[in-house]
Amino acid sequence: AIYTSGILTINESTLGANEATTAGGDGGALYINGGTVVIRDSYLINNQAQNGGAVRLIGGTLTFERSTMRSNIARANGGGLHIESNNGAIINSTFSNNKADRGGGIYKIGNTPITNATIHENRADQGGGIYNQSGQTTLKNTILAGSLDEAGSSASLNCDGPTMASGGRNIIGDNSCVPNPGSSGDLFSTDPQIGVYFGAPTRGYIPAATSPAVDYGVGCPATDQRGFPRPLGAACDVGAIERGSLTYLPLIER
């Protein structure tokens with residue numbers, strides 16, 4: 001859909017059903033060859049490529065915030081995102097049902113931090129959620145669970161490759177992703193209890209009332225993926241979306 005090596009901002013947009021078809025074609029929705037890209041409040045779905053089914057980033061800076069990558073496919077690495085960068089950030093975002101050989105949700109080289117993300121039900125033979133080729137990316141308040149192999153027939157590690165750094169309070173369905181044991185409140189081999197994927201306008205997973213994610217986050221962003229304020233309870237929740245809703249009082253005119 002888009003090739004950029006400059007400055008690009010994408011807001012409140014959908015990039016869907018795009019494909020880079022050549023044998024080496026990368027970045028089905030977006031190929032970033034340097035430059036600065038910001039994606040906010042957007043939805044990347046059903047894109048395909050050799051690497052980076054939705055997005056391929058080589059150098060440059062990517063900020064991916066309050067957005068979702070779902071059901072994208074890479075024939076090699078990075079079903080949702082293939083990223084090679086030490087800059088930018090992934091914040092309040094969902095990676096769901098993406099597929100690749102390695103890194104069903106994300107294939108990464110470098111140190112781009114991931115904060116309050118939900119990476120769930122992605123598929124790859126190596127690293128269903130994240131394949132960390134290299135770098136010390138910091139994971140914070142993030143859910144990584146429900147990963148399957150590429151065929152979808154058996155469980156896969158949520159993360160593969162060298163362990164990443166922990167910023168604390170991650171919930172991981174197995175014993176991968178960050179060093180275990182740790183001292184930062186990470187929960188290993190823990191069911192996050194986030195239920196089924198909700199479509200528009202949510203485009204993500206909402207924790208159950210009994211989920212260990214509820215009120216367990218520390219130092220969360222000011223809003224969640226929907227733009228709702230954090231916290232909606234006693235403390236902020238782990239993952240992209242807070243449990244709860246906004247209450248509007250009726251207008252009374254006197």
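Glu-19 is partly exposed, with a relative accessible area of 45%. That value comes from a predicted model, as does everything below. The side chain of Glu-19 meets that of Arg-75 in a salt bridge, 3.7 Å from N to O. The two residues come from distant parts of the chain, 56 residues apart. Glu-19 sits in the loop between strand 3 and strand 4 (30–33). Arg-75 sits in the loop between strand 11 (73–74) and strand 12 (81–84). Arg-75 is also partly exposed, at 31% relative accessible area. What brings such residues together? Side chains of opposite charge can pair when their charged atoms come close.

Now move to Glu-84. This residue forms a salt bridge with Arg-56, at 2.8 Å from N to O. Glu-84 lies in strand 12 and Arg-56 in strand 8 (residues 55–58), so the pair ties together parts that are 28 residues apart in sequence. Is Arg-56 buried or exposed? Arg-56 is buried, with a relative accessible area of 9%. Glu-84 is partly exposed, at 24%. The limit for calling a residue buried is under 20%, so Arg-56 falls below it at 9% and Glu-84 does not at 24%.

A further bridge joins Asp-224 to Arg-226, with the closest N and O atoms 3.0 Å apart. Asp-224 is buried, with a relative accessible area of 0%. Arg-226 is partly exposed, at 24%. Elsewhere, salt bridges form a network that links Arg-40, Asp-41, Glu-65 and Arg-66. How many salt bridges are there? The count comes to eight.

Asp-41 and Arg-66 lead on to the largest pocket. Of the 14 residues that line this pocket, the closest to its centre include Asp-41 and Arg-66. Pro-201, Arg-203 and Gln-225 are also among those closest to the centre. The pocket holds about 200 Å³ of space. What classes of residue make up its lining? Seven residues are polar, five are charged and two are nonpolar.

Next comes the cavity. A search of the whole structure finds one cavity of 30 Å³ or more. The largest cavity encloses about 30 Å³ of space. Which residues line it? They are Ile-83, Ile-90, Ile-106, Lys-108, Thr-112, Ile-114 and Thr-137. Sorted by class, four of the lining residues are nonpolar, two are polar and one is charged.

Turn now to the sheets. Strands of a sheet pair through backbone hydrogen bonds, either parallel or antiparallel. One open sheet has seven strands in the order 2-5-9-13-16-19-22, with parallel pairing. Strand 2 (7–11) and strand 22 (165–168) stand at its edges. Each has a single partner strand, so one side of each is left without a neighbour in the sheet. Follow strand 2 inward. Strand 2 pairs with strand 5 (residues 36–40) in the parallel sense, over five bridges. Which residue of strand 5 is the bridge partner of Thr-9? It is Val-38.

Another open sheet of seven strands runs in the order 3-6-10-14-17-20-23. The pairing here is parallel too. At the edges stand strand 3 (14–16) and strand 23. Each of these has one partner strand, so one of its sides has no neighbour in the sheet. Look at strand 23. Strand 20 (residues 143–145) pairs with strand 23 in the parallel sense over two bridges. Here Ile-143 stands opposite Ile-171 in strand 23.

The disulfides complete the tour. The structure holds two of them. One joins Cys-159 to Cys-177, with 2.0 Å from S to S. Cys-159 lies in strand 21 (residues 159–160) and Cys-177 in the segment after strand 23 (171–172), so the link ties together parts that are 18 residues apart in sequence. The torsion about the S-S bond is about 85°, so this disulfide is right-handed. Cys-159 is buried, at 6% relative accessible area. Cys-177 is buried as well, at 4%.

Cys-220 and Cys-236 form the other disulfide, their sulfur atoms 2.1 Å apart. Both cysteines lie in the segment after strand 23, 16 residues apart. This link is right-handed, with 75° about the S-S bond. Are its cysteines buried or exposed? Cys-220 is buried at 19% relative accessible area, and Cys-236 is buried at 8%. What pattern do the disulfides follow? With bonded cysteines counted along the chain, the pattern is 1-2, 3-4.

Terms used. Residues numbered from 1 in each chain as written. Predicted model: local features only at pLDDT ≥ 70, side-chain atom pairs only at ≥ 80, totals over all residues. Heavy atoms only, no water. Disulfide = S-S within 2.5 Å. Helix = DSSP H or I, 4+ residues; strand = E, 2+ residues; numbered from the N terminus. Buried < 20%, exposed > 50% of the residue type's maximum accessible area, 1.4 Å probe, protein only. Pairing = 2+ DSSP bridges. 1 Å grid on protein atoms, 1.4 Å probe; cavity = no way out; pocket = protein on both sides within 12 Å on 5 of 7 lines; lining within 4 Å. Points joined across faces, edges and corners; volume = space filled by probe spheres on them. Nonpolar A, V, L, I, M, F, W, Y, C, P; charged D, E, K, R; others polar. Salt bridge = Lys/Arg side-chain N within 4 Å of Asp/Glu carboxyl O.
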